[in-house]
Amino acid sequence: MKKKHVNARLICQVSAAAALVLAGNAMAADAFSSDSKWMTGDWGGERTRLIEQGIDIKADYVGEMGANLHGGYDDDKTGRYSDQFGLGVALDLQKLWGWDNTQAKIQLTNRNGYNISNDRVGDPRAGTLSSSQEVYGRGHMVRLTQLWIQHQFFDNKLDVKAGYFGEGEDFNTFPCDFQNLAFCGSQVGNWATNIWYNWPVSQAAIRVKYNINDELYAQIGAYNQNPSQLEHGNGFKLSGSGTKGTVLPVELVWSPKVNSLPGEYRVGYYKSTADADDVREDVNGFDAATTGDDYKSHNSKHGYWFVAQQQLTSHNGDATRGLNIAANATFHDKDTNFIDNYQSVMFVYKGPFDARPKDDIGIGAARIHVNKDVKRNAELLNASNGVSDYDNAAFSPIRETEYNYELNYGIHVTNWLTVRPNLQYITHPGGVDEVDNALVAGLKIQSTF
């Protein structure tokens, strides 16, 4: 696509976003009421009636803009826009059909746009480890993201969910209010290479949860590992053709009150039963980059994670406002995984100003570390090809550690619209020392229709 066409599309999308902001601030009918949960309003009360009958229609939009202000692989400044539309329905089958303690959901998503990280922030030969626009990815197409049914047994002690959905809905879950991918959603899915598929990709799956008490539960799942579901045109694929194995996560989740303030702590482990190639050794245990032989195959790969979220303070006794802290850490199989460990920490203050009690301000820092065997493999590959100059097109960039930082401010325009301007700083994009540190300006729009 020519640059002028990209820029025209960008202008149109930003104009549409501005129109949403103006509509949220204008005196308007119920459809644009700032107190409504939905931009389109309550449809004359029909939406509430449907929910009371067990039908909750969900429609939303996320748009993200990124502009490279300084540094990166290519300092030719430009802006990129990516977005996602979602449409679905949550069903309370007890209300609808009298099925006690049973719920279901269907969700479609459509992603489009371009990502500033791909060719401006990162060296295209290496990419970046994170992304400055988390909503980008998994193809410009409509996908079936959720199709499941859920039932509670034994006075809600046992909870079973089955159908098509992703691991990150239930395991290693995390909010997605930041724009940089390193602070958004299930982090295992970002770094467990080619096995754990985050939103919007779905997999045939079952999840079983047992509530030990009001604060503690344990859960286990089984997810079909099928790389063909990532392919363009397979957004509605329900067959098992192309299956390589099963991803088996297990997790313990504790949700205590600390000084009457909520917290959540997760510890989990995953194992994939699919074969996985070694990142360095060949079938004979030597360096594959040197011998040219096939990489050694392992019969599984694994990893584990920790997640902590805790509200630390309230604001003059108001628990909806105050300081929150969150931290993530993941650790992965060093024989088979490109990333061997990741850590992040975030601080979010909700309601920082009395005049803006529903706004929030956030700051985060993340470290993403490339497996040392990946680095060594690239060094051997360059030596084998006789190249040592980074500017040589045949050179394989040496990747080590990337750091991501984000500062954002969430403007609660209405109950159905949040606009979140942000600044991001990426140190060693892609883990490549030769790439200049980059400063990115972002804008995230979250709206519920």
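# Salt bridges and surface patches in a predicted model

Glutamate 281 and lysine 296 are joined by a salt bridge, with 2.7 Å between the closest N and O atoms. Because glutamate 281 belongs to strand β11 (residues 276-282) and lysine 296 to strand β12, the pair ties together parts that are 15 residues apart in sequence. The structure is a predicted model, and the count of salt bridges in it comes to 23. The points below take up further salt bridges, then the surface patches, and finally the surroundings of serine 255.

**The pair Glu281 and Lys296**

- Glutamate 281 has a relative accessibility of 29% and therefore counts as partly exposed.
- Lysine 296 is likewise partly exposed, because its relative accessible area is 24%, and partly exposed residues lie between the 20% and 50% limits.

**The pair Asp360 and Arg420**

- A salt bridge connects aspartate 360 with arginine 420, whose closest N and O atoms are 2.6 Å apart.
- This pair links distant parts of the chain, with aspartate 360 in strand β16 (residues 360-370) and arginine 420 in strand β18 (residues 417-427), 60 residues apart.
- Aspartate 360 counts as buried because its relative accessibility is 14%, where buried means under 20%.
- Arginine 420 has a relative accessibility of 4%, so this residue also counts as buried.

**A salt-bridge network**

- Asp74, Asp76, Arg80, Asp119 and Arg120 are joined into one network by salt bridges that share partners.

**The pair Lys444 and Glu134**

- The side chains of lysine 444 and glutamate 134 form a salt bridge, at 3.2 Å from N to O.
- Here too the pair links distant parts of the chain: lysine 444 is in strand β19 (residues 436-448), whereas glutamate 134 is in the loop between α4 (116-121) and β4 (142-153), and the two are 310 residues apart.
- Both lysine 444 and glutamate 134 are buried.

**The nonpolar surface patch**

- Tyr210, Ile212, Ile220, Val250, Leu252, Val267, Tyr269, Tyr304 and Phe306 make up a nonpolar surface patch of about 770 Å².
- Two or more residues of the nonpolar patch come from each of β8, β10 (261-272) and β13 (301-311).
- Valine 250, one of the patch residues, lies in strand β8.
- With a relative accessibility of 37%, valine 250 counts as partly exposed; this value also satisfies the patch criterion, because patch residues need over 30% relative accessible area.

**The negative surface patch**

- Asp275, Asp277, Asp293 and Asp294 form a negative surface patch.
- Aspartate 294 is placed in the loop between α6 (288-291) and β12 (295-298).
- Aspartate 294 counts as exposed because its relative accessibility is 59%, and the limit for that class is over 50%.

**The surroundings of Ser255**

- Serine 255 is located in the loop between β8 (245-254) and β9 (257-258).
- At a relative accessibility of 27%, serine 255 counts as partly exposed.
- Apart from neighbours within four places in sequence, serine 255 is in contact with Glu215, Gly263 and Glu264.
- A separation of 8.8 Å lies between the C-alpha atoms of serine 255 and arginine 266, which are 11 residues apart along the chain.

Key. Residues numbered from 1 in each chain as written. Predicted model: local features only at pLDDT ≥ 70, side-chain atom pairs only at ≥ 80, totals over all residues. Heavy atoms only, no water. Patch = residues over 30% accessible without salt bridge, like charges linked within 9 Å, V, L, I, M, F, W, Y side chains within 5 Å. Areas by Shrake-Rupley, 256 points an atom, 1.4 Å probe, with all protein chains shown as cover. Salt bridge = Lys/Arg side-chain N within 4 Å of Asp/Glu carboxyl O. Lys, Arg positive; Asp, Glu negative; His and termini not counted. Charge placed at Lys NZ, Arg CZ, Asp CG, Glu CD. Helix = DSSP H or I, 4+ residues; strand = E, 2+ residues; numbered from the N terminus. Buried < 20%, exposed > 50% of the residue type's maximum accessible area, 1.4 Å probe, protein only. Contact = heavy atoms within 4.5 Å.
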